[in-house]
Amino acid sequence: MTKVVISGTGVFTPPNSISNEELVESFNEYVRRFNEANKAKIEAGEVEALSPSSTEFIVKASGIKSRYVMDKEGILDPDIMCPRLPERSNDEPSILAEMSVDAAKKAMAQAGKKPQDIDAVIVACSNLQRPYPAIAVEVQDLLGIDGFGFDMNVACSSATFGIKAAHDMVQSGGANCVLVVDPEICSGHLNFRDRDSHFIFGDVCTAIIVERADQAKSKHAWEILGTKLLTKFSNNIRNNFGFLNRAAPEAMNLDDKLFVQEGRKVFKEVVPMVAQLITDHLAENKLDPAELKRMWLHQANINMNDFIGRKVLGRDPSPEEQPNILHEYANTSSAGSIIAFSQFSDDLPEGALGVICSFGAGYSAGNVIVRRLAA
């Protein structure tokens, strides 16, 4: 069968970073104003007082210390607490497409690919800017790529599902080279007024080149040994924003139109599911977890990743075996594991074995087993 490789990656990082200290200061000012404005109702037991946040709480709960965002000012303004990204005309590139082109050009340069070498574009992310035309087709047009493009949404697992789709197209002969792009403006669907989640997300875009091994010229190539996907329905991570909201105007501004989750339930249910997925996938490919040199896991929560690492390896993983980018990028949904892979893969020698794994709403989980080729 045709061997398939990941031959290049690219990351677009927004210019604005928000530290935990800045975010907490903004959130606590909002809390102070809310409690002051509702003082009488709080004292009468009609309204529940809001609790302040803290940097210690955030780091302990998630391992996050900062995050990059497309707009900083609006998020930190206690009167707004939301990014402000002006709508563009139809004659301008969309924000998601603009991010995608930046990351794509970096991935293409690393893989040594020109637009004419790419047959398809997949934009895979947790939130799409519009239903149609597809962002992928816009990216295809901006890059000057022939062929076809389409969008995918599998929440935090979108990138690994995109890699799976690209791998299968290349292996079947439907394409020789596929560009997978993951633009994530997670700050757009985050409720910055919710203490339990106001710190979770950041913005970023990643890109991956997936192609036939016999056509790859990159010094950064990793052979894809296997892909495995899993979904199980759950309401514990949900976002009810959609085109039918206008048909029920009474509910348009409720909190469930943003990111909501039952964090403890998610941890209890997702962590063992993902650890079992990785273990089963390795076994199906006659590989032992002890052979893994690196695990590039979904960057949602340091405690979840540490638990998964222990379950898979049977011991605590070292920082080198399981790199973490949460402290700088926070949770970037589908892009997190790709950022980790992009930043922490070149140091490994030929033959090194690793897994790229993402997981999240759905529930959904995707695992990609890769092996380093000769530089």
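User: In this predicted model, in which helix do Phe27 and Tyr30 both lie?

Analyst: In this predicted model, Phe27 and Tyr30 are three residues apart, which is about one turn of the helix. Both of these residues are buried. The helix that holds them both is α1.

User: What kind of aromatic pair do Phe27 and Tyr30 form?

Analyst: A pair of aromatic rings is described by the distance of the centres and the angle of the planes. For Phe27 and Tyr30 the distance is 6.4 Å centre to centre, with 55° between the planes. Planes under 30 degrees apart count as stacked and those over 60 as edge-to-face, while the rest count as tilted, so the pair of Phe27 and Tyr30 is tilted.

User: Which cluster do ring pairs form with Phe27 and Tyr30, and which residue is linked to them there?

Analyst: The structure holds ten aromatic pairs. Ring pairs link Phe27 and Tyr30 into a cluster with one further residue, and that residue is Phe34.

User: How are the rings of Phe57 and Phe199 arranged?

Analyst: This pair links distant parts of the chain, with Phe57 in helix α3 and Phe199 in the loop between β6 and β7, 142 residues apart. The ring centres are 5.7 Å apart and the planes stand at 85°. Because planes over 60 degrees apart count as edge-to-face, the arrangement of Phe57 and Phe199 is edge-to-face.

User: Is Phe199 buried or exposed?

Analyst: Its partner Phe57 has 24% relative accessibility and counts as partly exposed. Phe199 has a relative accessibility of 3%, and the cut-off for a buried residue is under 20%, so Phe199 counts as buried.

User: Which residue has its charged end over the ring of Phe57?

Analyst: Besides pairing with the ring of Phe199, the ring of Phe57 has a charged side-chain end sitting over it, 4.1 Å from the ring centre. The residue that provides this charged end is Arg195.

User: How far apart in the chain are Asp79 and Arg33, whose side chains meet in a salt bridge?

Analyst: Side chains of opposite charge can pair when their charged atoms come close. The side chains of Asp79 and Arg33 meet with an N to O distance of 2.8 Å. Asp79 lies in the loop between α4 and α5, whereas Arg33 lies in helix α1, and the distance between them along the chain is 46 residues.

User: Which strands are tied together by the salt bridge of Arg371 and Glu223?

Analyst: The side chains of Arg371 and Glu223 meet at 3.2 Å, N to O, and Glu223 also has Arg371 as its bridge partner in β13. Arg371 is partly exposed, with a relative accessible area of 32%, whereas Glu223 counts as buried at 8%. The pair ties together parts that are 148 residues apart in sequence, because Arg371 lies in strand β13 and Glu223 in strand β8.

User: How many bridges join strand β8 to strand β13?

Analyst: Strand β8 covers residues 222–231 and strand β13 covers residues 364–372, and the two run antiparallel. In the order of the open sheet, β5-β4-β6-β7-β1-β8-β13-β12-β11, they are neighbours. The number of bridges that join β8 to β13 is nine.

User: Which strands stand at the edges of the sheet?

Analyst: Nine strands form this open sheet, and their pairing is mixed. Each edge strand has a single partner strand, so one side of each is left without a neighbour in the sheet. The strands at the edges are β5 and β11.

Key:
Residues are numbered from 1 along each chain as its sequence is written. This is a predicted model: local features need pLDDT of at least 70, side-chain atom pairs count only at pLDDT 80 or more; totals for chains, interfaces and linings use all residues. Side-chain values use heavy atoms; hydrogens and water are left out. Two strands pair if DSSP finds at least two bridges between them. Helices (H or I, at least four residues) and strands (E, at least two) are DSSP runs, numbered from the N terminus. A salt bridge is a side-chain nitrogen of Lys or Arg within 4 Å of a carboxyl oxygen of Asp or Glu. Buried means under 20% relative accessible area, exposed over 50%, partly exposed in between (1.4 Å probe, protein chains only). Rings of Phe, Tyr and Trp (its six-membered ring) pair if their centres lie within 6.5 Å; planes under 30 degrees apart count as stacked, over 60 as edge-to-face and the rest as tilted. A charge sits over a ring if NZ of Lys or CZ of Arg is within 6 Å of the ring centre and within 35 degrees of the ring normal.
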